[in-house]
Amino acid sequence: MSELVRPEGSERRFDIVIAGAGPAGLCLAAALENRRLSVALIDRQPLESLCDPAFDGREIALTHASVQSLKNLRIWPGIAADEVSRITDVRVFNGASARCMRIDHLDGGAGELGYLVPNHLIRRAACEAVRRMDHVTLLADTSVSEARWEPAGVRVTLSDRQVLRAPLLVAADSRFSEVRRMAGIPARSRDFGKTMLVCRMEHEKPHGEVASEWFDHGQTLALLPLRGNRSSAVITLPGSEARRLQELDAMDFDIEVERRYGSRMGWMRRTGEVFAYPLVAVLADRFTGPRFALVGDAAVGMHPVTAHGFNLGLRGAVRLAREIDRAAFDRRDIGAPAVLAPYERGHRRATLPLYGATNALVGLYTDERLPARLARQALVRIGDRVRPFKRALASSLTQASAS
Ligand SMILES: Cc1cc2nc3c(=O)[nH]c(=O)nc-3n(C[C@H](O)[C@H](O)[C@H](O)COP(=O)(O)OP(=O)(O)OC[C@H]3O[C@@H](n4cnc5c(N)ncnc54)[C@H](O)[C@@H]3O)c2cc1C
């Protein structure tokens, strides 16, 4: 891979310009199999932060299909085996009730429902994989200042005054995508008015590799099982309460978190920084335009509660790469609407139901009114009893491929 060549004011030609070298942009570059396609990958972060990102608190729950894709893209071997944790089962509780909906790995016919991998390690391994590819040029420490669509291609001006030309521009620059706005594609966002706090905690009792989620009054809690008696604590609260909790000193924080989790895990002790993520879901009205496509959170930015954001972003990146590769192989114009249309259709079909269902679930489980409380109690009870429903959920996580 070539990187950081920055002749000021010069104009360079590529086949694809990808704005954003986060997990989605990196995976798209890695998924393009046709090595004759030249790719420019742009990110505003410095090269060191892209190649060796710091821990950001996110533990990404990966489905079996995502792990298979990461293997195909040669990203998975870059993640040390002892950094991967297993999720065997999932338990969903309503409030303090001991009754829960259980999703069992046996329902999915696999040894585990999924895996947890720290987000920064996915980024690091994806960056390593892309750096081994000669046809990808990584332009770090710069961003897209302007994109101008012309009949034969897109003219992209970067903040360091470099000018790039390509028949296709892809935005992978987060849910708040500036490049999506440059393309004039509207997006509907939903601000949940809540903040998600995430941090690693040690605890007294074993978690048994079970991921648990409690939809409680005024808070949503989750514990994601890491290796040993450690978990990622995920606490969703109104913004000001989240800030207060985040600012507590270590001992008060541990006491309050143990109390919030109802001492179910015995004592709890924080082992690192607390990270805060304001919760906003975003859905773009279209995923493609003339000589333009959106991938990752720039297309669909999910609420993290159902752990689908990266899984869907990866699936979309692989799908888009497949369409581009096919078109390049047939010597068709890779930016043509006919090439991008199957991605638009397929990714919409894959994401829309999950996006709607996740937002509806969040709405139901954060509504404190009596009818909503009764409805979710019923949902947990019925969900736990209806085996075909649980089997369908479990196999959607354990299937090795998703199209
Ligand atoms: C707390 C939390 C837990 C999560 N848990 C899960 C989970 O368990 N499972 C799951 O599948 N997903 C999960 N997600 C979602 C997942 O983290 C995201 O879907 C994923 O990171 C999105 O990747 P992305 O590359 O699209 O965007 P980002 O990660 O936002 O990366 C965007 C990149 O674009 C760059 N950029 C931004 N603007 C510009 C610009 N103008 N020019 C150049 N570069 C730019 C940024 O520097 C960044 O590198 C979670 C998210 C959160 C917040």
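Here are some short exercises, with worked solutions, on the predicted model shown above.

**Exercise 1. Work out the order of the strands in the open three-stranded sheet, and say which strands stand at the edges.**

Solution. Start with the order, which reads β5-β9-β6, with antiparallel pairing. Now look at the two ends: β5 (59–62) and β6 (85–87) each have a single partner strand, so one side of each is left without a neighbour in the sheet. Neighbouring strands here are turned by 30° against each other on average, if you ignore direction. As a reminder, strands of a sheet pair through backbone hydrogen bonds, either parallel or antiparallel.

Next, zoom in on one pair. β5 and β9 (residues 114–118) are joined in the antiparallel sense by four bridges. Try finding leucine 62: tyrosine 115 in β9 stands opposite. Finally, add the helix: α4 (residues 119–131) lies across β5 and β9, at about 80° to β9.

**Exercise 2. Find the strands that pair with β15, and locate the partners of glutamate 202.**

Solution. Take the partners of β15 (187–203) in turn.

- β20 (residues 275–284) pairs with β15 in the antiparallel sense, over nine bridges. Here valine 198 has phenylalanine 275 as its bridge partner.
- β18 (residues 230–238) is also an antiparallel partner of β15, again with nine bridges. Arginine 230 of β18 stands opposite glutamate 202.
- β19 (residues 268–270) makes three bridges to β15, antiparallel too. Arginine 269 of β19 stands opposite glutamate 202.

So glutamate 202 faces arginine 230 in β18 and arginine 269 in β19.

**Exercise 3. Describe the largest nonpolar core and pick out leucine 41.**

Solution. Begin with the total: the largest nonpolar core holds 119 residues. The members that touch the most others are Val17, Ile18, Leu28, Leu41 and Val295. Helix α8 (residues 309–329) gives the most to this core, nine residues. In soluble globular proteins, nonpolar side chains tend to be buried together.

Now click on leucine 41. Skip its neighbours within four places in sequence, and its contacts include Ile18, Ala21, Val130 and Leu139.

**Exercise 4. Say which residues are closest to the ligand, and what kinds of residue make up the shell.**

Solution. First, the count: 34 residues surround the ligand, and Gly20, Gly22, Ser143, Gly296 and Gly309 are the closest. Second, sort the shell by type, and you get 16 nonpolar, twelve polar and six charged residues. Third, ask where they come from. α1 (23–31), β5, β15 and α8 each supply at least two, and α8 has the largest share, with four.

**Exercise 5. Decide whether arginine 161, arginine 291 and arginine 348 are buried or partly exposed.**

Solution. You need one cut-off: 20 or more other C-beta atoms within 10 Å makes a residue buried.

1. Arginine 161 has 13 such neighbours, so it counts as partly exposed. It sits in the loop between β12 (153–158) and β13 (163–166).
2. Arginine 291 has 24, so it is buried. Its place is the loop between β21 (288–289) and β22 (292–294).
3. Arginine 348, in helix α9 (residues 337–365), has 19, so it counts as partly exposed.

Two extras to check. Most residues other than glycine have a negative phi. Yet phi is positive at arginine 161, about 75°, and at arginine 291, about 55°. And arginine 348 lies 8.7 Å from arginine 286, C-alpha to C-alpha, although they are 62 residues apart in sequence.

Definitions and conventions: Residues numbered from 1 in each chain as written. Predicted model: local features only at pLDDT ≥ 70, side-chain atom pairs only at ≥ 80, totals over all residues. Pairing = 2+ DSSP bridges. Axes fitted to C-alpha atoms, helices over the stretch in contact; angles between N-to-C directions. Contact = placed C-beta atoms within 7 Å. Core = buried A, V, L, I, M, F, W, Y, C linked by C-beta atoms within 7 Å. Buried ≥ 20, exposed ≤ 12 C-beta atoms within 10 Å, placed from the backbone. Near = placed C-beta within 6 Å. Nonpolar A, V, L, I, M, F, W, Y, C, P; charged D, E, K, R; others polar.
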